[in-house]
Amino acid sequence: MLGFAALVLSLAATLTAPNVAIFPWLILGLVALGDVFVSAKRGLGLDVDFPEEIFVGEAGELRLALNKKIQNMTGAIDWPDGLSGPAEFAFASDEGHNVATVSMRTTRRGHWRLDKTWLTWPTRFGLFEFLAQRNLGAEISVVPNVRPIQSGEIATTVLSTLYGIKENRAIGEGSEFHQLREFAPGMDVNMIDWKRSARRRSLLAKELRAERNHHVILAIDNGYLMREEVGGLPKIDHAINAALATAWAAAMGGDLVGYFSYDARPTSFVAPSPGRIAFARMRSWSAGLDYVSRASNHTLALSTLKARTPKRSLIIVFTDFVDATSAELIVETIGLLAKKHLVIFVAIRDPELEARAEAPPEQLNDVAALVAASQLISERRIVFERLSRLGVAVLDVRPGEVTARLVTAYLDIKSREMI
């Protein structure tokens, strides 16, 4: 606006008094220099407050505080792959300081660094705009989500199921000796211990309970199909969160927990160990599990797992498939595994695919998309039915329901002594 006024005055002076035509530009230059001088902020300091650790899939806040008060300041951050946030955010004045609270969401596990932020503010007269760069030096660790464990939800569920109301059902129907007690009318006569009764000269009955120290192995497919994002997270992260919750449930239930991962080849195997120790190891291991771009070799991996697991165990397999060939290999290999072990097959649904199959078509392209989506869902159901006929427990669940459904399935198997 000032430049336009200087141009008009300069043209008018050129027609009337050419010798003074330069003065409007000199005045504009002096105003511009003054604007820069009074608007420049020297010694601009920045304090950063950030959470050092956030669960994957959850939100956090980054708080930026400047030591000066500047009107209309905005900021921008280059977000790394594992964090997402606003492209631009505004600062608010707070007791002589500028403060901004930036919400961010975690999308990938790992250690992510926020190096720099760019601060932008206009000069006093709006002639220019300053751009300053400040170092953040914030390093945030995004780890698997163990919120249900920290909140006590898993512990409460396990203890109430195995040692609460259902404990009475488990006692007397188990396979592990618990104690001897005086025989009372109404008890099963088959439970009388005749040898000890003869020694005591009174009837004693055996009291059994559900067997503990079962082996639970969590097998996680880390191939490229598990990198597909559903429900705001890659499938591998949904699987890891559910696996950790189940490991903790197994620890509370007195079982031994091991874990196994694979992609094009087996990448790690840890034999079953006491649950609490296994949980700590598994949490540390899963936090650093990479996102790979290789196709999974289910035949090699699950055959290796079968060879390394001689004792009958509960094996929970987290994987996915999209084509008939990989599905056929999965069915064949898991069928062999299910002959000796109890297997739970966990597959995570794609809500977008289901929505596309249920949405009424409006155009010809929508019809093609509906047919393709319906065919994929139908093929998945056929594979799950085949696995069920082989004695495999299939969990085909939505992203937000994986943990609850899997822990419930484990507790049901535990209370029914199916292992």
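## A buried tyrosine to start with

Let us begin with a single side chain: tyrosine 259 is buried, with a relative accessible area of 5%. The model you are looking at is a predicted one, and tyrosine 259 is a handy place to enter it. Which kind of ring pair does tyrosine 259 make with tryptophan 285? The structure holds seven aromatic pairs. In the pair of tyrosine 259 and tryptophan 285, the ring centres are 4.6 Å apart and the planes meet at 25°, so this pair is stacked.

The two partners come from distant parts of the chain, 26 residues apart: tyrosine 259 belongs to strand β16, while tryptophan 285 sits in helix α8, which covers residues 275-287. Tryptophan 285 is buried too, at a relative accessible area of 18%, which is under the 20% limit for that class.

## Other aromatic rings

In general, two numbers describe a pair of aromatic rings: the distance of the centres and the angle of the planes. Take phenylalanine 89 and phenylalanine 91 as another example: their ring centres are 5.7 Å apart and their planes stand at 50°, so the pair is tilted. Both phenylalanine 89 and phenylalanine 91 are buried.

There is also a cluster, in which ring pairs link Phe260, Tyr262 and Phe269.

## The protein as a whole

Stepping back, the protein contains 13 helices and 20 strands. It has 419 residues, of which 43% count as buried. About 22,000 Å² is exposed, and carbon and sulfur atoms supply 54% of that area.

How much of the contact pattern comes from residues 24 or more positions apart? Among contacts with a separation of 6 or more, such residues account for 72%.

## A six-stranded sheet

Strand β16, the home of tyrosine 259, is part of an open sheet of six strands with mixed pairing. Reading across, the order is β17-β16-β13-β18-β19-β20. Which strands stand at the edges? They are β17 (266-274) and β20 (393-397); each has a single partner strand, so one side of each is left without a neighbour in the sheet. On average, neighbouring strands here are turned by 15° against each other, direction ignored.

The surroundings of β16 show how the pairing is mixed. Strand β13 (residues 215-221) and β16 (residues 256-262) run parallel and are joined by seven bridges. One of the residues in these strands, alanine 219, has phenylalanine 260 of β16 as its bridge partner. Strands β16 and β17, in turn, run antiparallel and share six bridges. Here serine 261 stands opposite serine 268 in β17, and a hairpin of three residues connects β16 to β17.

## Helices against the sheet

Helix α10 (residues 324-338) lies across β18 (314-318) and β19 (342-348), and runs at about 150° to β19. Helix α13 (residues 402-415) packs on the sheet as well, touching β13, β18, β19 and β20. The direction of α13 makes about 165° with that of β19.

## Two nonpolar cores

The largest nonpolar core has 49 residues, and those with the most contacts inside it are Met282, Leu314, Ile316, Phe318 and Ile344. Which helix gives the most to this core? Helix α7 (residues 235-252) does, with 12 residues. Leucine 314 touches, beyond its close sequence neighbours up to four places away, His215, Val216, Ile217, Leu342, Ile344, Tyr410, Ile413 and Ile419.

Apart from this core lies another one, of 27 residues; its members include Leu64, Trp79, Phe89 and Met104. Phe89 is thus a residue you have already met, in the tilted pair with phenylalanine 91.

## Two residues with more exposure

Is leucine 131 buried or exposed? Leucine 131 is exposed, with a relative accessible area of 60%; the limit for that class is over 50%. It is found in strand β10 (residues 129-143). Leaving aside residues up to four places away in sequence, leucine 131 touches Trp118, Leu119 and Thr120. Methionine 73 is 58 residues away from leucine 131 in sequence, with 10.0 Å between their C-alpha atoms.

Alanine 359 has its place in the loop between α11 (351-358) and α12 (364-389). With 36% relative accessibility, alanine 359 counts as partly exposed. Alanine 369 is 10 residues from alanine 359 along the chain, and the C-alpha atoms of the two are separated by 9.9 Å.

Methods. Residues are numbered from 1 along each chain as its sequence is written. This is a predicted model: local features need pLDDT of at least 70, side-chain atom pairs count only at pLDDT 80 or more; totals for chains, interfaces and linings use all residues. Side-chain values use heavy atoms; hydrogens and water are left out. Two strands pair if DSSP finds at least two bridges between them. Helices (H or I, at least four residues) and strands (E, at least two) are DSSP runs, numbered from the N terminus. Axes are lines fitted to C-alpha atoms, for helices over the stretch in contact, and angles run from 0 to 180 degrees between N-to-C directions. Contact means heavy atoms within 4.5 Å. Buried means under 20% relative accessible area, exposed over 50%, partly exposed in between (1.4 Å probe, protein chains only). A nonpolar core is a set of buried Ala, Val, Leu, Ile, Met, Phe, Trp, Tyr and Cys residues joined through side-chain atoms within 4.5 Å. Accessible areas come from the Shrake-Rupley method with a 1.4 Å probe; for residues, only the protein chains shown count as cover. Rings of Phe, Tyr and Trp (its six-membered ring) pair if their centres lie within 6.5 Å; planes under 30 degrees apart count as stacked, over 60 as edge-to-face and the rest as tilted.
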